[in-house]
Amino acid sequence: MSKLLAIIRLRCPRCTAGPIFAGLFRMNSRCPVCALEFEREQGYFVGAMYFSYALAIAAVLPVVVAMLLLDYGAAPIYIACSLVLVVLSPFLFRYSRVIWIHLDQVIDPR
């Protein structure tokens, strides 16, 4: 349960105390508590794009279903989904990276 809470709170996977992000989009290069390096190599976060895509689908799917049930056309659905994604993009960015870092620590702890 502490790992899930660490993901929700955007914390380090090793110590679950240090913040991964120093700003809205700026990441700490290392954990301020345990010094775990967050970006291990160039291109490390390419895998986080898959999580970002999955989170984006989860975010817009209820909007699409609700609007289809309410008999909206394609254009309003597209506009609504675009607005949802624009508003949620900072969260998608941050959480996809945090999930990726946590998954990587499970597979290859350092």
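## Overall shape

What radius of gyration does the protein chain have, and what would a compact globule of 110 residues have? The chain comes out at 17 Å, whereas a compact globule with that residue count would sit near 13 Å. Keep in mind that this is a predicted model. Along the principal axes, the C-alpha atoms take up a box of roughly 50 × 30 × 25 Å.

As for what faces out, the chain exposes about 7100 Å², and 68% of that comes from carbon and sulfur atoms. Buried residues make up 31% of the 110. If you take the contacts between residues at least 6 apart in sequence, 51% of them link residues at least 24 apart.

## Helices and charges

The secondary structure is quick to describe: three helices, zero strands, in the order α-α-α along the sequence. H1 covers 2–8 and H2 covers 48–69, while H3 spans residues 74–107.

On the charge side, there are 10 positive and 6 negative side chains. The centres of these two sets are 11 Å apart.

## Two nonpolar cores

In soluble globular proteins, nonpolar side chains tend to be buried together. Here the largest nonpolar core has 14 residues, and Ile20, Met27, Phe38, Phe45, Val98 and Ile101 have the most contacts inside it. There's also a second, separate core of five residues, with Val60, Met67, Ile77 and Ala80 among them.

Phe38 is a good place to zoom in on the largest core. Setting aside residues up to four places away in sequence, Phe38 touches Pro19, Ile20, Met27, Tyr44, Phe45 and Ile101, among others. Its contacts also include Cys12, Pro13, Asn28, Ser29, Arg30 and Cys31.

## The loop between H1 and H2

Arg9 is one residue to look at in the loop between H1 and H2. Its relative accessibility is 45%, so Arg9 counts as partly exposed. From Arg9 to Ile20 is eleven residues in sequence and 9.4 Å in space, C-alpha to C-alpha. Ile20 is also one of the residues with the most contacts inside the largest core.

Ala35 belongs to this loop as well, between helix H1 and helix H2. It is partly exposed, at 41% relative accessibility.

## Positive phi angles

Most residues other than glycine have a negative phi. Which way does the phi of Ala35 go, positive or negative? It is positive, about 70°, although Ala35 is not a glycine.

Asp71 does something along those lines: its phi is positive, about 65°, and it is not a glycine either. You'll find Asp71 in the loop between H2 and H3. Is Asp71 buried or exposed? It has 70% relative accessibility, and the cut-off for exposed is over 50%, so Asp71 counts as exposed.

## Two polar neighbours in H3

Asp104 lies in helix H3, and Gln105 is found in helix H3 too. Both are buried: Asp104 has a relative accessible area of 16%, and Gln105 has 12%. Buried means under 20%, so each of these values makes the cut.

What is Asp104 in contact with, once its neighbours within four places in sequence are left aside? The answer is Arg40, Tyr44 and Pro109. With that exclusion applied to Gln105, its contacts are Pro13, Leu36, Arg40 and Arg110. Arg40 therefore turns up in the contacts of Asp104 and of Gln105, given that contact means heavy atoms within 4.5 Å.

Terms used
Residues numbered from 1 in each chain as written. Predicted model: local features only at pLDDT ≥ 70, side-chain atom pairs only at ≥ 80, totals over all residues. Heavy atoms only, no water. Core = buried A, V, L, I, M, F, W, Y, C linked by side-chain atoms within 4.5 Å. Buried < 20%, exposed > 50% of the residue type's maximum accessible area, 1.4 Å probe, protein only. Helix = DSSP H or I, 4+ residues; strand = E, 2+ residues; numbered from the N terminus. Rg over C-alpha atoms; globule rule 2.2 N^0.38 Å. Areas by Shrake-Rupley, 256 points an atom, 1.4 Å probe, with all protein chains shown as cover. Lys, Arg positive; Asp, Glu negative; His and termini not counted. Charge placed at Lys NZ, Arg CZ, Asp CG, Glu CD.
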